Amino acid sequence: MPFQETMTPRERVMNALSGKPVDRTPVSNPTNVATVELMDMMDAPFPEACRDPELAARLAATGYTELGFDSIMPYFTIIQESSALGCEMQWEEKDNWPTVRMSNPVWKGLDDIRVPTGFLNHRDNVAITGSLRMLKQEFGDEVAIIGKTMGPWTLAYHVFGVEHFLLMTVDDPDATMLCLHKLKEISVLFGEAQIEAGADALTFPDHATGDLVSGEYYERFLLELHQEMVERLKVPLILHICGNTLDRMDYIARTGMAAFHFDSKNDPQQAMDIVDGRIALVGNINNPETLYARGPEEVRQEVYRCLDAGVNLIAPECAIPLATKLENLLEIPKAVRDWTHEHAA
Ligand SMILES: [Zn+2]
């Protein structure tokens, strides 16, 4: 009997996020899968596609219509709220990510933190809520529509500068904690606006990354705060942290979040063993080597490795390089189907 799909992509993703059975493992993108090729195809280039709801929706939809993934994500970057908070921006061109200019941070400390009037109506936030609304209307019955709200740790990098903020965590942990609690209200505000706009789930990037901070830091500064986010944002949350995170995965499994989007620096089997069913894992196909520089055969091997380990949703490890070849992305859902066929037989 050949394997038959019996669920819509949306059911598949939502079930996987809540630990329920699926007809096959979903292919989902908690971060970005847009490429320059897709921008050209849809006439929706960066940076305009990051700043205009219609262009964002058009480009994001290709994740489903062209790539065959089970979810759609119109928030391509990590800087939308930071732009709305007044950070100095470098918008770049089609082939490059927009970034926050860290050399001239907008805030210095706790007392500066405030939400500007009209924050949710800023064009770079409306690009997200507006596109979510459009995508929900056009694809909401069949595809999971995923939004994204930045966690306080990531916001702190943007508004204070990475170096300044990391020094603050050493010099004055109490003030750091107060800053994070104030910044988390921005995460909640923008997250709720996206839920209201129709997001089925939210990615929650909070870049306490393996290369910059320790697992002990994660427990001290973020674990409880992330648990609070689960209470307050009433859709499944997908935590995203890059780098080697095995040393904090046990804590991450205690957050109550629906899923953790993990990096290829972590062995899938080891990661699955640590979380032990307490949180779903999403990932972790390598970007710079496999998806960007190699071919479909290598992509397939990594997909199989994740599926063999029981990874709950298959995805690139993080936002893909904008010059990633389409054939490599198309190979991901293909490989998932083939693996499922082989294991159903
Ligand atoms: Zn990342």
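The buried residues of helix α1 pack against β1, β4, β5, β7 (259–261), β8 and β9. Here a residue is buried if 20 or more other C-beta atoms lie within 10 Å of its own, exposed if 12 or fewer, and partly exposed in between, with C-beta atoms placed from the backbone. Two residues are in contact if those C-beta atoms lie within 7 Å. Helices (H or I, at least four residues) and strands (E, at least two) are DSSP runs, numbered from the N terminus.

This is a predicted model: local features need pLDDT of at least 70, side-chain atom pairs count only at pLDDT 80 or more, and totals for chains, interfaces and linings use all residues. Residues are numbered from 1 along each chain as its sequence is written.

**Helix α1**

Helix α1 covers residues 9–17, and seven of its nine residues are buried, so the rest of the structure largely encloses it. The buried ones are P9, R10, R12, V13, M14, A16 and L17. After α1 comes G19, with a positive phi near 75°.

**The sheet**

Seven strands form an open sheet in the order β1-β4-β5-β6-β7-β8-β9, with parallel pairing. Why is one side of β1 and of β9 left without a neighbour in the sheet? Both β1 and β9 (313–316) stand at the edges, and each has a single partner strand, so one side stays free of a neighbour. Two strands count as paired if DSSP finds at least two bridges between them. Strands of a sheet pair through backbone hydrogen bonds, either parallel or antiparallel.

Strand β4 has these pairings:

| Partner of β4 | Residues of partner | Bridges | Sense | Opposite residues |
|---|---|---|---|---|
| β1 | 71–72 | two | parallel | I72 and I145 |
| β5 | 201–205 | three | parallel | A201 and I146 |

Is β4 (residues 144–148) buried or exposed? Five of its five residues are buried, so β4 is largely enclosed by the rest of the structure. In a regular strand the side chains alternate between the two faces of the sheet. Both faces of β4 are covered. A144, I146 and K148 lie on one side, I145 and G147 on the other, and all are buried.

Helix α14 (residues 296–309) lies across β8 (280–285) and β9. It runs at about 160° to β8.

**Helices α9 and α10**

Helix α9 (residues 173–197) has 25 residues. From its first C-alpha to its last it reaches 36 Å, close to the 36 Å expected at 1.5 Å a residue. That expected span is 1.5 Å times one less than the number of residues. Buried residues of α9 include T176, L180, L183 and F190. Just after α9, G198 takes a positive phi of about 120°.

How do α9 and α10 (residues 215–232) pack, and at what angle? They pack at about 25°, with their axes 11 Å apart. That makes α9 roughly parallel to α10. Angles under 35 degrees count as roughly parallel, over 145 as roughly antiparallel, 65 to 115 as roughly perpendicular and the rest as oblique. Axes are lines fitted to C-alpha atoms, for helices over the stretch in contact, and angles run from 0 to 180 degrees between N-to-C directions. In α9, T176, M177, L180, K184, S187 and V188 meet F221, L225, M229 and R232 in α10.

**Residue M168**

M168 sits in helix α8 (residues 162–171). It has 18 C-beta neighbours inside 10 Å, so M168 counts as partly exposed. Not counting residues up to four places away in sequence, M168 touches A175 and T176. M168 and G109 are 59 residues apart along the chain, yet their C-alpha atoms are separated by 9.1 Å.
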